[in-house]
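Reader: I should like a close look at a single part of this model. Please treat the chosen helix in detail, and then set out the side-chain pairings found elsewhere in the chain.

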Amino acid sequence: TAELMAEGMEEKAARRQAEKMAIEDARFVLPNAADTNMIMTMNARELLHFFRHRCCNRAQWEIRAVADEMLRLVYPLAPHVFAAAGPRCLAGPCPEGGMCCGKQNAVRDKYATLKQEAENHG
């Protein structure tokens with residue numbers, strides 16, 4: 001709650017949002033959140049779609065971390081294909097409207113840095 005209020009959210013809204021986040025994290029510790037190995041196949045179009053949704057700050061933190069790592073790994077392989085990869089707010093205004101995280105500039109900086117570092121180390 002304090003972190004959300006420090007970001008400018010009103011106390012009532014911050015408490016409500018913090019409760020939602022706590023419930024989401026509580027679901028994570030249930031048995032269905034056990035460690036799992038997974039293999040999946042995606043073409044480039046589907047991978048770009050995945051990045052648009054799962055790199056967003058509004059995505060659950062764990063899937064966002066997976067998406068960021070996947071982008072870091074594929075970007076050096078085809079930088080021309082993945083040049084615009086990342087959350088939807090990279091290419092324009094946030095499509096979440098009133099549910100926007102309000103950190104569009106920080107998000108843009110994050111993905112520019114991620115791609116630059118991936119290209120330099122890839």
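Author: What follows takes up helix α3 and its aromatic residues, then a residue of helix α4, and finally the salt bridges. The model is a predicted one, and every value below is computed from it.

Helix α3 spans residues 44–54. At its N-terminal end the helix is capped by Asn43, which places a side-chain oxygen 3.2 Å from the backbone nitrogen of Arg45. Within α3, the residues Leu47, Phe50 and Phe51 are buried. These three occupy an arc of only 100 degrees around the axis, and therefore lie on the same side of α3. The general geometry of such an element is relevant here: an α-helix has 3.6 residues a turn, so residues three or four places apart point the same way. Helix α4 is included in what covers the buried residues of α3.

The aromatic side chains of α3 also take part in ring pairing. A pair of aromatic rings is described by the distance of the centres and the angle of the planes. The model has two aromatic pairs. In one of them, the rings of Phe51 and Phe82 have centres 6.1 Å apart and planes at 75 degrees; because the angle is over 60 degrees, the pair counts as edge-to-face. This pair connects distant parts of the chain, since Phe51 belongs to α3 whereas Phe82 is placed in the loop between α4 and α5, 31 residues apart. Phe51 and Phe82 are both buried. Ring pairs join Phe50, Phe51 and Phe82 into a cluster.

Helix α4, which comprises residues 61–74, contains Asp68. With a relative accessible area of 12%, Asp68 falls under the 20% limit and is therefore buried. The side chain of Asp68 makes a polar contact of 2.4 Å with the side chain of Tyr111. When residues up to four places away in sequence are set aside, Asp68 touches Cys55, Lys110, Tyr111 and Leu114. Tyr111 thus appears both as a polar partner of Asp68 and among the residues that Asp68 touches.

The charged pairs come next. Side chains of opposite charge can pair when their charged atoms come close. The count for this model is seven salt bridges. One of them lies in helix α2, residues 11–28, where Arg15 and Glu11 are four residues apart and so are separated by about one helical turn. The side chains of Arg15 and Glu11 meet at 2.6 Å, N to O. Arg15 is partly exposed, its relative accessible area being 49%, and Glu11 is likewise partly exposed at 40%.

Another salt bridge, of 3.3 Å from N to O, is formed by the side chains of Arg58 and Glu96. Arg58 is in the loop between α3 and α4, while Glu96 is in the loop between α4 and α5, so this pair ties together parts that are 38 residues apart in sequence. Arg58 has a relative accessible area of 42% and is partly exposed; Glu96, at 24%, is also partly exposed. Glu96 has a further partner in Arg88, with the closest N and O atoms 3.0 Å apart in that salt bridge. Arg88 counts as partly exposed at 34% relative accessibility. Through shared partners, the salt bridges join Arg58, Arg88 and Glu96 into one network.

Definitions and conventions
Residues are numbered from 1 along each chain as its sequence is written. This is a predicted model: local features need pLDDT of at least 70, side-chain atom pairs count only at pLDDT 80 or more; totals for chains, interfaces and linings use all residues. Side-chain values use heavy atoms; hydrogens and water are left out. Helices (H or I, at least four residues) and strands (E, at least two) are DSSP runs, numbered from the N terminus. Buried means under 20% relative accessible area, exposed over 50%, partly exposed in between (1.4 Å probe, protein chains only). A polar contact is a pair of N or O atoms within 3.5 Å; within protein, one must be able to donate a hydrogen and the other to accept it, and residues adjacent in sequence count only if both atoms are side-chain atoms. Contact means heavy atoms within 4.5 Å. Rings of Phe, Tyr and Trp (its six-membered ring) pair if their centres lie within 6.5 Å; planes under 30 degrees apart count as stacked, over 60 as edge-to-face and the rest as tilted. The arc is that of the directions from the helix axis to the C-beta atoms. A salt bridge is a side-chain nitrogen of Lys or Arg within 4 Å of a carboxyl oxygen of Asp or Glu.
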